[in-house]
Structure formats: C-alpha cells, structure tokens
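Work through the two exercises below with the sequence and the structure in view, and try each task before reading its solution.

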Amino acid sequence: MSTNNAAYLTEKGKALEIKPAPYPTPKENEVIVQTRAIAINPVDYALQMMGDTLFPWLQYPHILGLDVSGEVVKIGSNVANFKAGDRVVGLASGAFQSYSAVPAQMASTIPDSVTNEQAAVIPLGLSTASMGLFGKEYLALHYPSINPKPTSKPLLIWGGSTSVGSNAIQVAVSAGYEVITTASPKNFEYVKKLGASQVFDYNSPTVRDDILAALKGKTCAGAMAITSADLTAAAAAADACYEIISKAEGTKFVATAQPPPEVPHPMVAAKFIRPFGDSEEDQELKDAVFGEYLPQALTAGKFRPAPEPEVVGKGLEALQEAMNVLKQGVSAKKIVVLL
C-alpha cells in the first residue's frame, strides 16, 4: 500500500507541519484520489489563523483543503461512474495530503485538454455558485446545460472576477440567463470572456443607477452578492444588491456569499449560501452539476476553469507559502500547489 503524508494544522495560527497520515479508506460513496494539484481558498487561511475561535467545531490536528485534482486510485462499493485511473477534480474535506477521499457526487472527470492545475480551481467556487443559483431555497434557476434555452431574464452577479463569481457567470449563462456583473475595470474583459453581457465598475458612484438602467424593461431573476472576506466590502455589496433588486422588476431575492445583515431588507429576501448537504434536493443538484454538466462542458470546451491558476510551488511543503501568498491578496487568480 502507498504511504500518505499530510500538511497538518496543529494549533491556531501555527504554520502547517508535514507528517505521515493514515492512508484513506473510501466509504461506499467515495473515491480515493492521488493528489496532483491543490487550490487554496480563503476559508483555508481563515481556519489557520482564526482556528476554533471562529470555527468552534475545529479539532487539532486538522488537515485543511477543499479543492483537489488527480487520479482515482480506489472506489467505494456504491460508486459506478468512476474507475481507477480516471483523472478527476473534486471537493474534498482535507485536501492537503497526498491521497484524499472525495464524495463521488462532488467529483467530475476531466478531459486531456484540461491540466490538473486548471481543474483544481473549480470545485468550491462551482459548488457555492451552484447552490446559490440553482438551490431551491435560493434563486432556484433552471439547471445548466451545454445547449441552454435562453430565458430572456437578466441576473445580477456582484463580484464577477472572484472565484465564486467566475463560476457563477458561466453556469448562469449555461442555464440561459443574461448575466450583468461588477468588477474592477482591469477585469472587465475577463468577465466578458466568461459570458457576462454587461459589466460595471463596483467603485463607480453611479453603479447602482447604471445597473438599474440596464435592467429597465426586463424581468430580473434576482442577484448573487459575492465579495472577499472583508466584512465592510460584503456589507456594501449586499446593500447595493438589495437596493437594485428592490427597484427592479422580477425576483426579490439575493443569494449572499457572506452572511447577510441581521436586519432584513423590507422588500428583498436574502440568504447566506450554505455548503451542499445530503438532502434529496442537494443530491439532485450535485448530479446535475458535477455528474452531468461539468464533465460535458469541460469536454466540449464550454466551461473554462476559472479563475486562472497561479502555481506557486510543488509538494506539500509549498502549501504554507501558498497560504501566505493568498493572504497578500489576488485578483482573477487562484493560488495552486502541484504534487
């Protein structure tokens, strides 16, 4: 049997430590993936620095990491859609190790045209975007497909160049919606290449009026508010979306990537986007996005792994430096480590 190593978080605020780790055994609905690339998310850094102060469920030592790509080496007893040797991307719980267990419903095969580092940027951004857009308790939009039927409805995605926003733009367009988004001017072309029909500078003093003018005469499908972890920026984004959606025709709902204000808006409903669970509705959405849409869209070249990966090192030893790079801030990029 192969040996496994992991980058452990042993205490709050401490640097990651590389140690031997148990070789994972797949549960009945899991696959074991030999890691080839890991993408870093803000939640990884938050867990490291805030620890059990912000995440009371956290126990040490802990293996961080969610986004992983690599090859399947073993499958669980109920897994029928993967086999050993398949190249896959998936959402793991503890990806900072040489071998990771990934739920089969949160994994997709990847074609030869997509590299491991490109694939690794997808899982968390796509899963968050999909829950907010398609989840029945959120915007409940039509599911994406590689041949969508236009709905004629616009959708506001605030923060289009973020990881979640980059995925949300693409799957919303693949579901037949016209995407109106915000970004800094340097990222205007980037979000347009992802499929946004119109993009506005979120720092413009007239951005709210400009977006309302773009929505005039149309039935809006709602909004998704996405920002960095900065609470001030999150509050400003949510407030902008509430005002715009309250004045536009259509769905009065905002899916938020940060917890919404405690005092609700009188005309607009809002809800923080939760992770996928095990409900029947969640299982259906996982199958629709990771099982059907993503592998087809990647193969057909109709989904672009985004944001662009920025590889900062190789090996588990490079993960701490990757976390440090993320701390400094990135724009329209996702930090990746190769194994």
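**Exercise 1. Describe the sheet, its edges and the helix that packs on it.**

Solution. Begin with the strand order of this predicted model: six strands form an open sheet, which reads β11-β10-β9-β12-β13-β14, and their pairing is parallel. Next, look at the edges, where β11 (198-201) and β14 (269-272) each have a single partner strand, so that one side of each is left without a neighbour in the sheet. From one strand to the next, the twist averages 20°.

Then take one pair in detail: β13 (residues 253-256) and β14 run parallel and are joined by four bridges, and A255 has K271 in β14 as its bridge partner. Finally, add helix α3 (residues 123-134), which packs on the sheet by touching β9 (154-158), β12 (223-225) and β13, and whose direction makes about 145° with that of β12.

**Exercise 2. Find the cavity and work out what lines the largest cavity.**

Solution. First, establish how many there are: the structure holds one cavity of 30 Å³ or more, and the space in the largest cavity is about 60 Å³. Second, list the lining, which is made up of M131, F134, G135, K136, E137, Y143, R274, E281, D282 and L285.

Third, assign the lining to helices: α3 and α8 (280-300) each supply at least two of its residues, and α8 gives the most, with three residues. Last, sort the lining residues by character, which yields four nonpolar, one polar and five charged.

Definitions and conventions: Residues numbered from 1 in each chain as written. Predicted model: local features only at pLDDT ≥ 70, side-chain atom pairs only at ≥ 80, totals over all residues. Heavy atoms only, no water. Pairing = 2+ DSSP bridges. Axes fitted to C-alpha atoms, helices over the stretch in contact; angles between N-to-C directions. Contact = heavy atoms within 4.5 Å. 1 Å grid on protein atoms, 1.4 Å probe; cavity = no way out; pocket = protein on both sides within 12 Å on 5 of 7 lines; lining within 4 Å. Points joined across faces, edges and corners; volume = space filled by probe spheres on them. Nonpolar A, V, L, I, M, F, W, Y, C, P; charged D, E, K, R; others polar.
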